[in-house]
Structure formats: structure tokens, C-alpha cells
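Trainee: I have a new model open on my screen and would like to work through it with you. Shall we take it question by question?

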Amino acid sequence: PPLPVDGPFSWVKVCLFISDEEIIKRVGFDALIFLRFHRLALRCIVKMSVFSFLVLLPLNFTGGGRAKANDLKGVGFDALI
């Protein structure tokens, strides 16, 4: 039986929530490994994007890019000790 895909991007929801046994039964083990890799990559990208938007983007906006190389001379791990 066909999968319940109604719109152009509704296949993403089906791909994310279909069980591994169902994938093996419908399309095989190679497709399961392919989809599991992409699920992992998607989770990593989402986590890194959230970190980037919440931490790195505000730091970039508030920094302003006015620092020179000499200003950063005393900044490092050796200055912490």
C-alpha cells in the first residue's frame, strides 16, 4: 500500500516517523541506512543552527568587528592562569 503523502513536503514527516521495520519491508536495508544517516545529519544541523542563532549570531552583532590583532594579544588560555 502507498504511504500517506498528501502534499509536496509531507513525505518529510513520513520519512522521520516511519519505523525501521517498515522501511526494511518496503524498500530494503540500504534505504534504511541512507535514511538513518540523513535523520542523524538533520538532527545535528538543527542543533548547530539553534546554537548559532542563540549564541554566535548575537556575539557577531555585538562585536562590531572593530577589534585589531594587537587588542587580542593578552587574550588566551595562558592569561587565565
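**Reading the model**

Mentor: Gladly! Keep in mind that this is a predicted model. In its chain of 81 residues, buried residues make up 11%.

Trainee: What pattern does the chain follow along the sequence?

Mentor: Start with the element count: the chain has 4 helices and 0 strands. Read along the sequence, the pattern is therefore built from helices as DSSP runs, and it comes out as α-α-α-α.

Trainee: How much of the exposed area do carbon and sulfur atoms supply?

Mentor: Good one for a chemist. The chain exposes about 7400 Å². Of that area, the share supplied by carbon and sulfur atoms is 70%.

Trainee: Which element gives the largest share of the nonpolar patch?

Mentor: The patch covers about 960 Å², and its members include Leu16, Phe17, Leu42 and Val46. Two elements give two or more residues to it, helix 1 (10-17) and helix 3. The largest share, 8 residues, comes from helix 3.

Trainee: Is Val46 buried or exposed, or somewhere in between?

Mentor: Val46 is found in helix 3 and belongs to the nonpolar patch. Buried means under 20% relative accessible area and exposed means over 50%. Val46 has 46%, so this residue is partly exposed.

Trainee: And how far apart in space are Arg36 and Cys15?

Mentor: Arg36 lies in helix 3, which spans residues 29-63, and at 45% relative accessibility it counts as partly exposed. Arg36 and Cys15 are 21 residues apart in sequence. In space, their C-alpha to C-alpha distance is 9.6 Å.

Notes. Residues are numbered from 1 along each chain as its sequence is written. This is a predicted model: local features need pLDDT of at least 70, side-chain atom pairs count only at pLDDT 80 or more; totals for chains, interfaces and linings use all residues. Side-chain values use heavy atoms; hydrogens and water are left out. Buried means under 20% relative accessible area, exposed over 50%, partly exposed in between (1.4 Å probe, protein chains only). Accessible areas come from the Shrake-Rupley method with a 1.4 Å probe; for residues, only the protein chains shown count as cover. Patches are made of residues with over 30% relative accessible area and no salt bridge: like charges are joined within 9 Å, nonpolar side chains (Val, Leu, Ile, Met, Phe, Trp, Tyr) within 5 Å. A salt bridge is a side-chain nitrogen of Lys or Arg within 4 Å of a carboxyl oxygen of Asp or Glu.
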